[in-house]
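Hi,

Here is the structure I said I would pass on. Have a look at it first, and my notes follow underneath.

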Amino acid sequence: MSENTDLYDLAAQRLTEYMKGKNIRKTPERFEILRIICRTPGIFNIDKLQELMEENAKFQVSRVTLFNTLKLFEDASLVIKHTLSRAAHYECCVMPHPMVCLVCQKCGTVRKLESSKIENWLSEQKCKQFVITQPVLYFHGLCRSCMVKNSIRNRKAKTKTKTKIKRNEERKS
Ligand SMILES: [Zn+2]
């Protein structure tokens with residue numbers, strides 16, 4: 001994990017301005033959470049963030065504080081919340097970048113698809129009477145491990161049916 005000081009400086013400045021405008025108290029906890037998020041590449045959920053805080057943060061905060069702070073960061077356009085079927089996933093978006101996410105409809109994991117072709121296409125998109133602040137494209141499907149589990153289950157189901165048919169035939173004869 002690399003320390004991205006420039007990104008953090010920019011994010012901290014934005015957070016300070018946002019809190020000043022909304023009359024929200026500046027707490028060291030909020031800035032520490034922001035620091036951890038700025039050095040976290042890619043998508044994370046609340047469990048992962050809690051783990052990163054435990055490993056790297058100067059002080060610990062409760063899960064409720066993490067949730068509330070993420071909501072604040074979302075409002076301040078510092079993180080993007082990926083609204084998906086299962087647990088929410090977040091990502092630092094101080095410097096918005098077009099992205100393609102692969103969402104497993106079975107286990108809920110989210111990962112990024114590295115495709116400069118689609119990313120370029122996304123960055124060129126313009127809408128009438130709508131300002132795109134964060135171009136994100138979601139592909140829903142099955143991840144590798146869920147696909148493997150599925151095929152094992154299908155194979156078992158097939159064997160079961162075959163045995164049933166065989167038993168019925170034996171009974172008839
Ligand atoms: Zn899956």
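**The sheet beside the zinc**

E4 and E6 run parallel to each other, paired over 6 bridges. Before going further, keep in mind that this is a predicted model. Within that pairing, Cys104 has Gly141 of E6 as its bridge partner. On E5, E4 has a second partner: these two pair in the antiparallel sense over 4 bridges, and Val103 stands opposite Val110 there. E4 and E5 make a hairpin with 5 residues between them. If you check the backbone in that turn, Gly108 has a positive phi of about 85°.

Put together, this is an open sheet of 3 strands in the order E5-E4-E6, and the pairing is mixed. E5 and E6 stand at the edges with a single partner strand each, so one side of each has no neighbour in the sheet. From one strand to the next, the twist averages 30°. H5 packs on this sheet and touches E4, E5 and E6, with its direction at about 115° to that of E4.

How much of E4 is buried? The count is 5 of its 6 residues, so E4 is largely enclosed by the rest of the structure.

**The zinc site**

Which residues hold the zinc ion? Its protein donors are the SG atoms of Cys104, Cys107, Cys143 and Cys146, at 2.2 to 2.3 Å from the ion. The angles among the 4 donor atoms run from 104 to 114°, and the site is tetrahedral. Along the sequence, the donor residues follow the spacing C-x2-C-x35-C-x2-C. Cys107 sits in the loop between strand E4 (99–104) and strand E5 (110–113), while Cys143 sits in the loop between strand E6 (136–141) and helix H6 (144–172), so this pair ties together parts that are 36 residues apart in sequence. In case you want to set the site up for your own calculations, Cys107 counts as partly exposed, at 31% relative accessibility.

**The other sheet**

There is also an open sheet of 3 strands with the order E1-E3-E2 and antiparallel pairing. Its edge strands are strand E1 (44–45) and E2, each of which pairs on one side only. E2 and strand E3 (residues 89–92) run antiparallel and are joined by 4 bridges, and Lys81 has Tyr90 as its bridge partner in E3. H4 packs on this sheet, touching E1, E2 and E3, and its direction makes about 110° with that of E2.

**Domains**

The division is into domain 1 (5–141) and domain 2 (145–173). Taken over C-alpha atoms, the centres of domain 1 and domain 2 are 45 Å apart.

**Single residues to look at**

Two residues other than glycine caught my eye for their backbone angles. Ser77 has a positive phi, near 55°. Ser77 lies in the loop between helix H4 (63–75) and strand E2 (79–82) and is partly exposed, with a relative accessible area of 42%. For Gln129, phi is positive too, near 55°. Gln129 belongs to the loop between H5 and E6, and its relative accessible area of 86% makes it exposed.

Then there are two glutamates. Is Glu32 buried or exposed? Glu32 counts as buried, because its relative accessibility is 5% and the cut-off for buried is under 20%. Glu32 lies in helix H2 (residues 28–38). Leaving aside residues up to four places away in sequence, Glu32 touches Asn56, Ala57, Lys58 and Phe59.

Glu114, by contrast, counts as exposed, at 65% relative accessibility. Glu114 is in the loop between E5 and helix H5 (116–124). Measuring nothing but C-alpha to C-alpha, Glu114 and Asn45 are 20 Å apart in space, and they are 69 residues apart in sequence.

That is what I have for now.

Cheers

Notes. Residues are numbered from 1 along each chain as its sequence is written. This is a predicted model: local features need pLDDT of at least 70, side-chain atom pairs count only at pLDDT 80 or more; totals for chains, interfaces and linings use all residues. Side-chain values use heavy atoms; hydrogens and water are left out. Donors are N, O and S atoms within 2.8 Å of the metal (3.2 Å for Na, K and Ca); water is not among the atoms, so sites may look incomplete. Four donors count as tetrahedral if all angles lie between 85 and 135 degrees; four count as square planar and six as octahedral if opposite donors are over 155 degrees apart and all others between 65 and 115; anything else is irregular. Buried means under 20% relative accessible area, exposed over 50%, partly exposed in between (1.4 Å probe, protein chains only). Domain bounds come from an automatic or database domain assignment. Two strands pair if DSSP finds at least two bridges between them. Axes are lines fitted to C-alpha atoms, for helices over the stretch in contact, and angles run from 0 to 180 degrees between N-to-C directions. Contact means heavy atoms within 4.5 Å.
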